[in-house]
Amino acid sequence: MTLRIQKSVETDQVVFKLIGRIQAANVPELLTLMKSESLWNRVVLDLEQIKLVDRDAVLFLALSEVVGAKLTKCSAYIREWITQEKNALNRDKTEDPTGFGG
């Protein structure tokens, strides 16, 4: 199973419909596509037909959302995984670097 990408422009948004499976090897291509758009907050990633993802893909999706991209039609398990990764990123930012918090 590979990743297919269909691009469409809808009003003021660019929609990338992703189909299949997202793996680490796909992240550079997705990043290049998203960088080609002037404003990340205009980018929509339609995940309705995504069946499998790996951790690198989830990290990419989480960071894409953090910088303004919109994720739509995301399955519950992928959404939960993205939420966990975002929480981990936030936790890493707020933790005491010495490890002695308190």
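**Notes on a four-stranded sheet and its helices**

1. Let me start with a residue in the middle of things: leaving out residues up to four places away in sequence, phenylalanine 60 touches Val27, Leu30, Leu31, Met34 and Leu45. Phenylalanine 60 belongs to helix α2, and its relative accessibility is 9%, so this residue counts as buried. One pair is worth viewing on screen: phenylalanine 60 and leucine 31 are 29 residues apart in sequence, while their C-alpha atoms are 8.4 Å apart in space. Please keep in mind throughout that this is a predicted model.

2. Now the overall plan. The protein chain holds 3 helices and 4 strands, and along the sequence they follow the pattern β-β-α-β-α-β-α. Of the 102 residues in the protein chain, 35% are buried. Among contacts with a separation of 6 or more, 63% are between residues 24 or more positions apart.

3. How are the strands ordered in the sheet? The order is β1-β2-β3-β4, in an open sheet of 4 strands with mixed pairing. The edges are taken by β1 (3-10) and β4 (70-72); each has a single partner strand, so one side of each is left without a neighbour in the sheet. From one strand to the next, the twist averages 25 degrees. As a reminder, strands of a sheet pair through backbone hydrogen bonds, in either a parallel or an antiparallel sense.

4. Two of the pairings can be followed bridge by bridge. β2 and β3 run parallel and pair over 8 bridges; within this pairing, phenylalanine 16 has leucine 45 of β3 as its bridge partner. Leucine 45 has already come up, as one of the residues that phenylalanine 60 touches. On the other side of the account, β3 (residues 43-53) is joined to β4 by 3 bridges, again with the strands parallel. There, aspartate 46 has threonine 72 in β4 as its bridge partner.

5. The helices come next. α1 lies across β1, β2 and β3, and runs at about 10 degrees to β1. α2 also packs on the sheet, where it touches β2, β3 and β4, and its direction makes about 160 degrees with that of β3. Both helices take part in crossovers: β2, α1 and β3 form a right-handed β-α-β unit, and β3, α2 and β4 form a right-handed β-α-β unit as well.

6. I looked at α2 in some detail. This helix has 12 residues and reaches 16 Å from its first C-alpha to its last, close to the 16 Å expected at 1.5 Å a residue. Its buried residues are Ala57, Val58, Leu59, Phe60, Leu61, Ala62, Ser64 and Glu65. The N-terminal end of α2 is capped by aspartate 54, with a side-chain oxygen 3.3 Å from the backbone nitrogen of aspartate 56. After α2 comes glycine 68, whose phi is positive, near 120 degrees.

7. Is arginine 55 buried or partly exposed? Its relative accessibility is 47%, so arginine 55 counts as partly exposed. This residue lies in α2, which spans residues 55-66. Apart from neighbours within four places in sequence, arginine 55 is in contact with Trp81 and Glu85. With glutamate 85 there is a polar contact between the two side chains, at 3.0 Å. Arginine 55 and alanine 24 make another pair to view: they are 31 residues apart in sequence and 7.8 Å apart in space, C-alpha to C-alpha.

8. Last, a loop residue that deserves a look. Where does asparagine 26 lie? It is in the loop between β2 (13-22) and α1 (27-35). At 14% relative accessibility, asparagine 26 falls under the 20% cut-off and therefore counts as buried. The side chain of asparagine 26 reaches the backbone nitrogen of glutamine 23 at 2.8 Å. Not counting residues up to four places away in sequence, asparagine 26 touches Leu3 and Arg21.

Methods:
Residues numbered from 1 in each chain as written. Predicted model: local features only at pLDDT ≥ 70, side-chain atom pairs only at ≥ 80, totals over all residues. Heavy atoms only, no water. Helix = DSSP H or I, 4+ residues; strand = E, 2+ residues; numbered from the N terminus. Buried < 20%, exposed > 50% of the residue type's maximum accessible area, 1.4 Å probe, protein only. Polar contact = N/O pair within 3.5 Å; in protein donor to acceptor, adjacent residues only side chain to side chain. Contact = heavy atoms within 4.5 Å. Pairing = 2+ DSSP bridges. Axes fitted to C-alpha atoms, helices over the stretch in contact; angles between N-to-C directions. Right-handed = clockwise from strand over helix to strand, strands pointing away. Expected span 1.5 Å × (residues − 1).
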